[in-house]
Every structure is written in C-alpha cells, then in structure tokens.
Amino acid sequence: MATIGIPKSNDDPYIRYKRQLISVKVIKGYTVLTNLDSVCHSIDRPESVIISFLSKTLGTGSNGKDKLRGTFSVSTLETHIENYIINHVLCKTCQNPETYIDKNKIRCKACGFSRSDN
Ligand SMILES: [Zn+2]
C-alpha cells in the first residue's frame, strides 16, 4: 500500500506523518473508499466527517461512512482529501498535522494554536 506524507507536498523520506493513498472500488454505482478508516486514523479525524466533506464537495450522496454515490477516481478523491488536510488538519502556524477538533475549533498539539474550523 502506497503511503504519502501529510501533507503530500512534504516529501521528506523521514517524515513522521504519513498516510495511505485512498483506494477505491466501484460497486453497483457507488464508490467505496476501502481504506478510509486507515486514512482517517492517520489524520485523526472521524470517517463520518471526511465522507460528509467529500459528499458535500462532490455534490453527491453518501452512506455516512465509506461510500459515495457515483463513480469517482482516486485522483479526484485525493485532490479533495488533500484540500481537507491543508484547510482543516494542518496547523496554520506551525504546519504540524497533529491537531484535533475541540468545540468547532482546530487546536494544535504541537504549538497550542487554535482557530475556528470553517
Ligand atoms: Zn501548531
């Protein structure tokens, strides 16, 4: 399974923060994100948050867990997942991906910075 840095633009081979590239399977008109649990674990966000972000961005339905209605390629999904990471995971101050959501704010475990998540 291919892994990439978090964010993808960080190509330091010794980077501590890595995730799997999303992998998909199309079944009966749905795109199943077969390793969304692993990707979500790596960025410390619930699957439900990521699938609802993708469903909203792509303008399609989801099962609230790991399926999107319609057929979407890995490269399309990766573009949006990466956008999510850049805008909703990385700390704006120190660029560290070790952040968490607390009362609609993104808080950074590394430097303590917080900002509202919108
Ligand atoms: Zn920070």
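Biologist: What makes strands 3, 4 and 5 an open sheet, and what is their order?

Modeller: In this predicted model, the three strands line up as 3-4-5 with antiparallel pairing. Strand 3 and strand 5 are the edges, since each pairs on one side only. From one strand to the next, the twist averages 25°.

Biologist: How do you know that strand 3 and strand 4 pair?

Modeller: Two strands count as paired with at least two bridges between them. Strand 3 (residues 24-27) and strand 4 (residues 30-33) have 4 bridges, in the antiparallel sense, so by that cut-off they pair. If you want a spot to look at, Lys-25 stands opposite Val-32 in strand 4.

Biologist: And what links those two strands in the hairpin?

Modeller: There are 2 residues between strand 3 and strand 4, and Lys-28 in that turn has a positive phi of about 45°.

Biologist: How do you know that strand 4 also pairs with strand 5?

Modeller: Same test. At least two bridges are needed, and 3 bridges join strand 4 to strand 5 (residues 67-69), running antiparallel. Here Thr-31 stands opposite Leu-68 in strand 5.

Biologist: Which other strands form an open sheet of 3 strands?

Modeller: Strands in the order 6-7-8, again with antiparallel pairing. Strand 6 (99-102) and strand 8 (114-116) are its edge strands, each pairing on one side only. Neighbouring strands in this sheet are turned by 25° against each other on average, ignoring direction.

Biologist: What makes strand 7 and strand 8 a pair?

Modeller: The cut-off is at least two bridges; strand 7 (residues 105-108) and strand 8 have 3, in the antiparallel sense. So they pass. Ile-106 stands opposite Arg-115 in strand 8.

Biologist: Let's step back. How many helices and strands does the chain have?

Modeller: It comes to 3 helices and 8 strands. Read from the N terminus, they run β-β-β-β-α-α-β-α-β-β-β.

Biologist: How do you know that helix 2 and helix 3 meet?

Modeller: Contact needs C-beta atoms within 7 Å. By that test, Ile-50, Phe-53, Leu-54 and Thr-57 in helix 2 meet Leu-77, His-80 and Tyr-84 in helix 3. The two helices pack at an angle of about 120°, their axes 10 Å apart. Helix 2 passes helix 3 in a right-handed crossing.

Biologist: What makes a group of residues a nonpolar core here?

Modeller: They have to be buried residues of the listed nonpolar kinds, joined through C-beta atoms within 7 Å. The largest such core has 20 residues, and Ile-22, Leu-36, Val-39, Ile-43, Leu-77 and Ile-85 have the most contacts inside it. Strand 4, helix 1 (36-43), helix 2 (47-58) and helix 3 (74-89) each supply at least two of the core's residues.

Biologist: Which residues does Ile-43 touch?

Modeller: Leaving out residues up to four places away in sequence, Ile-43 touches Ile-6, Arg-19, Ile-85, Val-89 and Pro-97.

Biologist: How much of the chain counts as buried?

Modeller: 24% of the 118 residues. To count, a residue needs 20 or more other C-beta atoms within 10 Å of its own.

Biologist: Why does the radius of gyration agree with a compact globule?

Modeller: With 118 residues, such a globule would come out near 13 Å, and the chain has 14 Å, so the two agree. Along the principal axes, the C-alpha atoms fill a box of roughly 45 × 35 × 20 Å.

Biologist: What share of contacts joins residues at least 24 apart?

Modeller: 31%, taken among contacts between residues at least 6 apart in sequence.

Terms used
Residues are numbered from 1 along each chain as its sequence is written. This is a predicted model: local features need pLDDT of at least 70, side-chain atom pairs count only at pLDDT 80 or more; totals for chains, interfaces and linings use all residues. A residue is buried if 20 or more other C-beta atoms lie within 10 Å of its own, exposed if 12 or fewer, and partly exposed in between; C-beta atoms are placed from the backbone. Two residues are in contact if their C-beta atoms, placed from the backbone, lie within 7 Å. Axes are lines fitted to C-alpha atoms, for helices over the stretch in contact, and angles run from 0 to 180 degrees between N-to-C directions. The radius of gyration is taken over C-alpha atoms; the globule rule is 2.2 Å times the number of residues to the power 0.38. A crossing is left-handed if the near helix is turned anticlockwise from the far one by less than a right angle, and right-handed if clockwise.
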